[in-house]
Amino acid sequence: MRPEDILLPTAAGVCCSRGGFHIDPTRIVERALITHAHSDHARAGHGAVLATQQTLDLMRLRYGDNFAGRTQAIRYGESVRLDGVTVTFHPAGHVLGSAQIAVEANGLRIVASGDYKNVADPTCAPFALVRCDVFITEATFALPVFRHGDPAAEINKLLRSVALFPERAHLVGAYSLGKAQRLIALLRLAGYTAPIYLHGAMEKITDYYVARGIPLGELRLVRGATKADLAGAITICPPAALNDLWTRRFPEPLAAFASGWMRVRARARQQGVALPLVISDHADWDGLTATIAATGAGEIWVTHGQEDALVHWCTARGLKARPLDIVGYGDEDETDAAEATSEEPS
Amino acid sequence: MNRFAELLDCLAYEPARNAKLRLITDYFRSAGDPERGWALAALTGSLSFPHAKAGLIRSLIAERADPVLFELSYDYVGDLSETVALMWPVPSAPAGGGGNISLTAVIETLSSLGKAQLPQQLARWLDALDETGRWALIKLVTGGLRVGVSARLAKAAVAALGDKDPHDIELLWPGLAPPYRELFAWLEGRGGKPVTADVAPFRPPMLAHALEEADLAQLTAADFMAEWKWDGIRVQAVAARGSHGMIARLYSRTGEEISKGFPDLLEALHLPGAIDGELLIMREHRVQSFNVLQQRLNRKAVTPKLLAEFPAHLRAYDLLADDTEDLRDYSFAERRKRLEDFVARLNDERVDLSPLVRFSTWDELFAARKNPASAGAGEDAAAVEGVMLKRRDALYLPGRPKGPWWKWKRDPFVIDAVLMYAQRGHGKRSSYYSDYTFGVWTNGKSGDELVPVGKAYFGFTDEELLQIDRFVRRNTVDRFGPVREVVHEPDQGLVLEVAFEGLQRSTRHKSGLAMRFPRINRLRWDKPPGEADRLERLETMIARIEQGRLHEHAS
């Protein structure tokens, strides 16, 4: 039996015809298994959705109560039989509720990892390694130039800048789901206790994180704050807001951006970022290659990102590897724009 | 090395001048001697390591990385130093101690190291440093930090450390050498002011105020002398007798030494003295356009070919010192006589006098300014930017004192163009669309179409910036990264009145021409884009300029 007989990669995502479902489909389908709530993986309108409770909650927050016909929650480690196929969800360490989905049939196990990172994150369950025959991996940062380093050092960089420029408002662009809350949690871990200001687009999701028992300290909304409040304060906003009219309310705003892309200077400069913070919710090159090796998989399917480099790396190590041409997955830091800007009037 | 690398890293991202200053001053305050002195040397471009080339860095990474992965990475990152810094494999047993490698140690080691030992030493350092440290090291040794800091800015930052005027540093600078211990001691109040032993120092220049025609009513023509304002680079050429023969130096208006780029001109400075003048390119006794001068300025290597194709020339305005005699307390009229005598004694074809413009009434001067060709500038009229008015009794005062010197620029060229693309600005303007590409009409394949003729990012008021920004956001028809294409149809769009100082043919632009110093003069909300100017009008302007019949349009 070939892996493709269980999971078939199509332009709209991987499809399991035996089990009658798609994983993270980019178009509307009858039955969808969703790895995590980022909008390029979790779309509204499917007939039925199977995902973790947090992913379902987050989808509801973003899309409203009627985001799917039916929903079913599944816990980490829990298995479900779907027409002769067994699926099990395991933590992916990407954002709150994110999962890798293991699909098994006839003794063959394929793991669709969605987006993942194998480093500590105080806001979500840690990545669990699942041994498998075929590993489907993302390739967002699949070039050896991407090594994310220690996020604590990046947080220190931000705090030093706040100390050096106490009259300037520090605006940190961070994706509203996951990155923003992780950033706040990291600031608190570094001992920063001052109130942190939030762009309106982050309010609901951040409240949800707090409600799930993740301590984030004192948070305030930018709406209603004065210029004097914002001077020397840290404000978290969607990346797209950094260049928006919205920034005009801040005293001498200093633009920071928390993303794995910030490792490359040109990327930071193109976006007018003065303080790049290399903090990523995706595995870096070392993380990707170490994880691939540790799964024991003999065959690797590579999606969204720098597929060429990762396929080359796998092939050089005698692994069978192929890129999947799935249309529609992006990088959340870049797809944030559309959602972020309209939510708060300027 | 870590603190220095971190400084460079922050500077590379910070667009605002004042924030850059703060970063550097903060570094100077916290880093000790001699570390900060070497950093100052690096920032002012006072260091060079001839053996470290980009090729060496390439071969180091080739020994350590998969070539396919390197090429894919380099292609993505687009900068060799950065690619190598990021993908340098960290040894499994890290050498450690990266934080202990000081900039001082790097510089001292490099200055004593032979060429053959260099690759190994560099590799050892790269093994021990982190990404930022590796990037900074590679930038440092291969030359050209390119972090948007001029030598002048670095000196201003060091001045701020002791609350001094940057100018004081500029004056002391030629007498100082890295790691500048005595300079830091003085700035921190631990030592006296370093004495400049320099015999060929830079002297702070005197600058002019712009003249409005209304000012003329208050001024008496007989009190003034006038000369052309040439469109080149204001420089100071200084020569002095040193212990090993004649020392000759060329300084920019801001006091940066630019001697290295102009060996041809230095040869001409064989009499001790200090000339204030304009750097020009002369071919067959004709002053070339600023565009031509720029081609020489932009070159890194000064080759014999460059010297032959772009011969440098000094047109003298003023004499600040004759041998060791300081002339700055003499009147302009007296200095002018001394200058005429000095240039005659120098007797070198590379240095000549900027001629005086004869006039007895303001009307005569007005006419000369409007038509320099017929008022003595002759064939060089195209390189005249306007006239300078100098009081006969004016002493040479540093800075920009109001009254003794005036610059009276020619009226600019003006056209009506249509806004085509807008891009967000930097720093304070980063949320505003403040860089504008504008075009004029021409015959296209399917009727009239707009062809871009230039780009402008200033000239408008803050209020106008808000208006244009709003217009751009509401009338975007397409986006290309940070650039927005705005509507530009005959009956829909925004007409900009663009003023500019000159016009040159250019093969780099689709329109075939390039504007000098374009800026937004006025917003023409009242004018439909269809009535904006056509390319033919600019072509007529160029033809007139080339025939020396300047500014006939500016009636």
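This passage describes the fold of chain B, its helix packing, the nonpolar cores and the contact between chains A and B. The model is predicted.

Chain B holds 19 helices and 21 strands. Of its 555 residues, 39% are buried. Many of its contacts bridge long stretches of sequence. Among contacts between residues at least 6 apart in sequence, 68% join residues at least 24 apart.

Helix α3 of chain B spans residues 35-43. Buried residues account for 9 of its 9 positions, so the helix is largely enclosed by the rest of the structure. The buried set in α3(B) runs through Glu35(B), Arg36(B), Gly37(B), Trp38(B), Ala39(B), Leu40(B), Ala41(B), Ala42(B) and Leu43(B). Several helices of chain B help to cover these residues. They include α1, α2 (17-30), α7 (103-112), α9 (131-142), α10 (151-161) and α12 (181-187). After α3(B) comes Gly45(B), which has a positive phi, near 70 degrees.

Two helix pairs share α6(B), which covers residues 80-87. The partner in one pair is α5(B), residues 67-77. The axes of α5(B) and α6(B) lie 9 Å apart, and the angle between the helices is about 130 degrees. An angle of this kind makes α5(B) oblique to α6(B). Their crossing is right-handed. On the α5(B) side, the contact uses Phe70(B), Ser73(B), Tyr74(B) and Val77(B). On the α6(B) side, it uses Leu80(B), Glu82(B), Thr83(B), Leu86(B) and Met87(B). By class, this contact has 6 nonpolar, 2 polar and 1 charged residues.

The partner in the other pair is α4(B), residues 54-62. Here the axes are 11 Å apart and the angle is about 30 degrees. Angles under 35 degrees count as roughly parallel, so α4(B) is roughly parallel to α6(B). The crossing of α4(B) with α6(B) is left-handed. From α4(B), the contact draws on Ala54(B), Ile57(B), Arg58(B) and Ile61(B). From α6(B), it draws on Leu80(B), Ser81(B) and Val84(B). The classes are 5 nonpolar, 1 polar and 1 charged. Leu80(B) thus takes part in the contact with α5(B) and in the contact with α4(B).

The nonpolar cores come next. In soluble globular proteins, nonpolar side chains tend to be buried together. The largest nonpolar core in this model has 169 residues. Those with the most contacts inside this core are Leu183(A), Ile236(A), Ala256(A) and Leu137(B). Residues of both chain A and chain B therefore appear in the core. Helix α1 of chain B, residues 2-13, supplies the largest share, with 8 residues. Leu183(A) is in contact with Val172(A), Ala174(A), Ile236(A), Ala258(A) and Ile279(A), leaving aside its neighbours within four places in sequence. A second, separate core has 94 residues. Its members include Ile281(B), Phe290(B), Trp405(B) and Phe438(B).

Chains A and B also meet at an interface. There, 24 residues of chain A are in contact with 24 residues of chain B. On the side of chain A, the elements that give two or more residues are α6 (265-270), β17 (275-277) and α8 (307-316). Helix α6(A) gives the most, with 4 residues. By class, the side of chain A that touches chain B has 14 nonpolar, 5 polar and 5 charged residues.

Conventions:
Residues are numbered from 1 along each chain as its sequence is written. Chains are lettered from A and ligands numbered from 1 in the order in which they are written. This is a predicted model: local features need pLDDT of at least 70, side-chain atom pairs count only at pLDDT 80 or more; totals for chains, interfaces and linings use all residues. A residue is buried if 20 or more other C-beta atoms lie within 10 Å of its own, exposed if 12 or fewer, and partly exposed in between; C-beta atoms are placed from the backbone. Two residues are in contact if their C-beta atoms, placed from the backbone, lie within 7 Å. Axes are lines fitted to C-alpha atoms, for helices over the stretch in contact, and angles run from 0 to 180 degrees between N-to-C directions. Angles under 35 degrees count as roughly parallel, over 145 as roughly antiparallel, 65 to 115 as roughly perpendicular and the rest as oblique. A crossing is left-handed if the near helix is turned anticlockwise from the far one by less than a right angle, and right-handed if clockwise. Ala, Val, Leu, Ile, Met, Phe, Trp, Tyr, Cys and Pro count as nonpolar, Asp, Glu, Lys and Arg as charged, and the others, Gly among them, as polar. A nonpolar core is a set of buried Ala, Val, Leu, Ile, Met, Phe, Trp, Tyr and Cys residues joined through C-beta atoms within 7 Å.
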